[in-house]
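Here are my notes on the model you sent over. I have kept them as numbered points so that you can follow along in your viewer.

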Amino acid sequence: MSKQIQLDAPSIGLLEKKYVLRALQEGFVSTYGPYVAEFERKFVGFIQGGYPVAVQSGTAALHLALYKLGIGPQDEVIVPALTFIASVNPVMYVGAKPVFVDVDALTWNISVEAIEKKITDKTKAIIVVHLYGNCCDMDRLTKLAHKYKLFLIEDATESLGSRFAGQHTGTFGDYGCFSFNGNKTVTTGGGGLILCRSSKVADHARHLVNQARPGTAYTHNEIGFNYRMTNLEASLGLAQLERLKGFVDKKRKFREIYEKETKGLPVRLQQEYEKAQSCFWLNAMTFENETVRAKIEKALIRAGIPFRRLFVPLPESTPYSSAEKKSLINTYDLYHRGLCLPSSVVNTEKNIQTVCRAIRKVLIEK
Ligand SMILES: Cc1ncc(COP(=O)(O)O)c(C=O)c1O
């Protein structure tokens with residue numbers, strides 16, 4: 001029997017087992033030990049830019065970025081309405097107000113035109129999300145942030161390995177935030193990383209991450225956080241980083257298959273900007289309308305193929321239900337018509353062809 005097709009499961013192999021076992025045998029399970037620093041070094045070797053601080057999650061990285069920028073009550077932060085809630089909750093953690101804007105119909109990323117309409121005297125920062133791995137238009141966004149003197153935070157939690165004009169996502173903004181959750185291209189079980197623009201800023205972020213504790217003393221000069229990554233997590237991440245290029249190549253190949261096998265059918269894949277090269281963390285597709293999407297869902301369930309709806313527009317979640325919705329036309333339209341499809345690197349190319357066959361069958365029989 002063929003192995004079950006996976007949506008976004010991680011690939012854990014012999015190398016991961018070897019490195020985690022080594023950390024266990026050496027007793028480096030927690031924060032004292034060499035692997036977190038080694039993980040940060042290797043990460044920057046791949047990303048080619050910035051000053052990294054490994055943390056406990058992508059959410060922690062985003063929180064730290066807003067905290068470090070001094071964003072707080074009275075401030076507004078512009079965010080896309082189509083993203084995971086963790087892109088936005090950190091805005092609330094610092095007491096600021098998230099202002100939701102629509103996404104672009106083709107790339108599904110935050111719309112530059114929509115941002116401009118929502119900038120007020122209170123706007124302090126924009127959080128851009130490279131949704132499902134697809135890079136935002138970093139030329140236009142960096143220019144816009146500069147023009148209005150706004151901070152730019154990149155939520156690169158889904159886009160490790162994606163580039164814009166050859167430069168890695170996460171290296172453009174004031175901060176780049178990454179996640180190594182179990183479903184991400186590289187996993188540490190649960191973890192994240194904040195990429196800073198100077199060693200001084202990174203040193204302070206590292207201090208904050210460790211309860212603002214200098215060395216082993218119990219004297220603290222400010223309020224810190226327990227946002228440290230552990231050696232055990234980092235050891236898993238080190239194995240994953242060695243395999244990262246292969247993971248991205250495979251995900252890009254899957255995208256090619258989705259594109260080729262659905263050519264001529266009434267479906268749309270997330271489009272890349274001209275200068276962008278996505279890692280295609282999660283391949284997703286929109287169908288003609290909700291009825292077709294529902295038919296595809298049924299067919300995939302029957303075939304035992306996993307899938308997921310796109311993120312629910314954030315104003316549909318209770319904490320954000322008072323947000324303005326009328327302008328979020330593309331966000332709602334994409335949500336109604338879209339599905340995320342198997343993209344895990346444990347799949348084979350044949351698995352992806354099987355998914356496409358199931359989709360084609362519904363669309364041709366329709
Ligand atoms: C777009 C986005 N932002 C933020 C996060 C938060 O990352 P984490 O789960 O590591 O906190 C995730 C992933 O979970 C995400 O997909």
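**Notes on the predicted model**

1. Let me start with Trp108, which counts as buried because 26 C-beta neighbours fall inside 10 Å, where 20 or more are enough for that label. Bear in mind that this is a predicted model. Trp108 sits in the loop between β3 and α5 (112–118). Its backbone deserves a look too: Trp108 is not a glycine, yet it has a positive phi of about 70°.

2. Ala165 makes a good companion to that point. This residue also is not a glycine and has a positive phi, here of about 50°. You will find Ala165 in the loop between β6 and β7 (167–168). Buried or partly exposed, which is Ala165? Ala165 is partly exposed, because 13 other C-beta atoms lie within 10 Å, a count between the limits of 12 and 20.

3. On the overall layout, the domain assignment splits the chain into domain 1 (14–239) and domain 2 (244–365). Taken over C-alpha atoms, the centres of domain 1 and domain 2 are 25 Å apart. How many residues of domain 1 are in contact with domain 2? There are 33, and they meet 32 residues of domain 2. On the side of domain 1 that touches domain 2, β3 (97–101) and β6 (163–164) each contribute at least two residues. By residue class, that side of domain 1 comprises 20 nonpolar, 8 polar and 5 charged residues.

4. If you are thinking about the ligand, its shell has 14 residues, and the closest are Ser57, Gly58, Thr59, Ala86 and Ser179. The shell divides into 9 polar, 3 nonpolar and 2 charged residues.

5. Leu64 is worth selecting in helix α3 (residues 58–68). Leu64 is buried because 23 other C-beta atoms lie within 10 Å, against a threshold of 20. Leaving aside residues up to four places away in sequence, Leu64 touches Val55, Ile194, Ala205, Leu208 and Tyr227. Of these contacts, Tyr227 is 163 residues from Leu64 along the chain, while their C-alpha atoms are separated by 9.1 Å.

6. Finally, there is an open sheet of 4 strands, ordered β10-β12-β14-β13 with antiparallel pairing. Which strands lie at its edges? They are β10 (268–269) and β13 (308–309), each pairing on one side only. Strand β10 is joined to the antiparallel strand β12 (residues 284–286) by 2 bridges. To find this pairing in your viewer, look for Arg268, whose bridge partner in β12 is Thr286.

Key: Residues are numbered from 1 along each chain as its sequence is written. This is a predicted model: local features need pLDDT of at least 70, side-chain atom pairs count only at pLDDT 80 or more; totals for chains, interfaces and linings use all residues. Domain bounds come from an automatic or database domain assignment. Two residues are in contact if their C-beta atoms, placed from the backbone, lie within 7 Å. Ala, Val, Leu, Ile, Met, Phe, Trp, Tyr, Cys and Pro count as nonpolar, Asp, Glu, Lys and Arg as charged, and the others, Gly among them, as polar. A residue is near a molecule or strand if its C-beta atom, placed from the backbone, lies within 6 Å of it. Two strands pair if DSSP finds at least two bridges between them.
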